[in-house]
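Reader: Before any modelling begins, I would like to go through this chain piece by piece, with the reasoning behind each answer spelled out. Could we take the structure in turn and keep each question to a single point?

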Amino acid sequence: MSDKRSSRNSGQMGSIQDQFDKGRFAVEPKATQPQVLEFSLERVNSVETLEQEWEPLLCEIFTDENDREPIDVLTERFENGENFFLMRNDQGEAIGLELSQVLLDENEKIVPNESGHVAMYVPWTGVKEGYRNDGIGTAMNSKIAELMGERYGVTHTLIDIEDPDRMHDSGYSEEELPEAIGFAERRINYWRRQGFLVVDDESKPTGQKLEYCRPGSDDTDEIQAYDHMTVRFENKALA
């Protein structure tokens with residue numbers, strides 16, 4: 001899930017880049033993974049780590065180059081103060097990542113919306129293949145939302161997901177389309193299980209649909225490509 005747009009928040013790395021401590025968290029046992037697994041979460045604090053660990057892991061998790069951005073664009077994002085996270089296992093191996101964006105002004109202050117809420121947009125989040133389907137990626141995403149809530153007062157998280165009903169106008173070939181639609185349907189179901197709501201959900205009657213708004217875009221009301229926007233309210237009072 002790629003943003004395809006570089007951030008416009010300039011000059012915001014500085015002290016913010018260093019104010020996240022490493023956080024440890026555990027994932028409880030499941031039938032497929034009987035033991036408790038512990039992981040550490042850290043914010044990328046150097047271009048070297050971005051180039052040597054974060055970007056190669058992005059390529060491993062998102063194998064389609066159309067779903068990624070080149071390292072120079074990622075570096076620009078990093079230097080603009082965007083939040084690159086790595087998750088490590090007990091051996092120190094990087095096995096998960098996320099990029100989290102919040103809107104900041106030139107003084108490193110949060111830019112809330114008209115209602116005073118603070119959105120966090122997630123262009124990429126994922127874990128290596130051997131760590132999927134055990135709740136590990138879910139725990140990572142929730143922990144990052146918790147950290148971003150503590151640091152920035154984030155009230156809700158936004159993620160783009162492909163809309164299966166509009167993928168016929170996408171770049172997939174006739175042969176690729178059925179499999180791609182199946183993946184998109186499973187992704188929507190996955191994020192719904194994590195508490196995300198689909199904006200402008202066609203299954204909802206008029207009046208119960210959430211208004212589409214994509215922070216950081218040139219046109220915040222324009223739906224990107226053939227995507228749904230999904231939202232999870234970290235502040236449950238807003239749900």
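**Helices, rings and contacts**

Author: Helix α3 is followed by G153, whose phi is positive, near 75°. The model discussed here is a predicted one.

Reader: What span should the 17 residues of α3 have at 1.5 Å a residue, and what is the distance between its end C-alpha atoms?

Author: The expected span takes 1.5 Å for one less than the number of residues. For the 17 residues of α3 this gives 24 Å, and the end C-alpha atoms agree with that expectation, since they are also apart by 24 Å.

Reader: How many of the residues of α3 are buried?

Author: A residue counts as buried when its relative accessible area is under 20%. Those of α3 that meet this condition include I136, M140, N141, K143, L147 and Y152. Helix α3 is therefore largely enclosed by the rest of the structure, the number of buried residues among its 17 being 12.

Reader: Which residue places its charge over the face of Y152?

Author: For a charge to sit over a ring, CZ of Arg has to be within 6 Å of the ring centre. The distance from the ring centre of Y152 is 5.1 Å, and the residue lying over its face is R151.

Reader: At which residue does α1 bend?

Author: Helix α1 covers residues 47-61 and reaches 20 Å from its first C-alpha to its last, close to the 21 Å expected. The bend is about 30°, and a proline, P56, follows within four residues of the place where α1 bends, which is W54.

Reader: Which elements cover the buried residues of α1?

Author: The buried residues of α1 are T49, L50, W54, E55, L57, L58 and I61. What covers them includes the helix α2 (71-79) and the strands β3 (83-88), β4 (94-101) and β5 (119-127).

Reader: How are the rings of W54 and W124 arranged, stacked or edge-to-face?

Author: A search of the whole structure finds 6 aromatic pairs, and a pair of rings is described by the distance of the centres and the angle of the planes. W54 is buried, with a relative accessible area of 0%, and W124 also counts as buried, at 0% relative accessibility. Their ring centres are 6.4 Å apart and their planes stand at 75°, and because planes over 60 degrees apart fall in that class, the arrangement is edge-to-face.

Reader: How far apart in sequence are the parts that the W54 and W124 pair ties together?

Author: W54 belongs to helix α1 and W124 to strand β5. Ring pairs also link W54 and W124 with F78 and F84 into a cluster. The parts tied together by W54 and W124 are therefore separated in sequence by 70 residues.

Reader: Is Y131, the partner of F39, buried or partly exposed?

Author: The rings of F39 and Y131 have their centres 6.3 Å apart with planes at 75°, so they form an edge-to-face pair. The two residues are 92 residues apart, with F39 in strand β2 (residues 37-43) and Y131 in the loop between β5 and α3. F39 counts as buried at 2% relative accessibility, whereas the relative accessible area of Y131 is 21%, which makes Y131 partly exposed.

Reader: Which side chain is joined to that of D160 by a polar contact?

Author: D160 is found in strand β6 (residues 156-162), and at 4% relative accessibility D160 counts as buried. The polar contact is 2.5 Å, and the side chain joined to that of D160 belongs to Y121.

Reader: What is the distance in space, C-alpha to C-alpha, between M229 and D163?

Author: M229 is found in strand β8 (residues 227-233) and is buried, with a relative accessible area of 1%. M229 and D163 are 66 residues apart in sequence, while their C-alpha atoms are apart in space by 9.1 Å.

Reader: Which elements do the buried residues of α4 pack against?

Author: Helix α4 covers residues 177-193, and its buried residues are L177, A180, I181, G182, A184, I188 and W191. After α4 comes G195, whose phi is positive, near 95°. The buried residues of α4 pack against β5, α3, β6, β7 (197-198) and β8.

Methods
Residues are numbered from 1 along each chain as its sequence is written. This is a predicted model: local features need pLDDT of at least 70, side-chain atom pairs count only at pLDDT 80 or more; totals for chains, interfaces and linings use all residues. Side-chain values use heavy atoms; hydrogens and water are left out. The bend at a residue is the angle between axes fitted to the seven residues ending there and the seven starting there. Buried means under 20% relative accessible area, exposed over 50%, partly exposed in between (1.4 Å probe, protein chains only). Contact means heavy atoms within 4.5 Å. Rings of Phe, Tyr and Trp (its six-membered ring) pair if their centres lie within 6.5 Å; planes under 30 degrees apart count as stacked, over 60 as edge-to-face and the rest as tilted. A charge sits over a ring if NZ of Lys or CZ of Arg is within 6 Å of the ring centre and within 35 degrees of the ring normal. A polar contact is a pair of N or O atoms within 3.5 Å; within protein, one must be able to donate a hydrogen and the other to accept it, and residues adjacent in sequence count only if both atoms are side-chain atoms.
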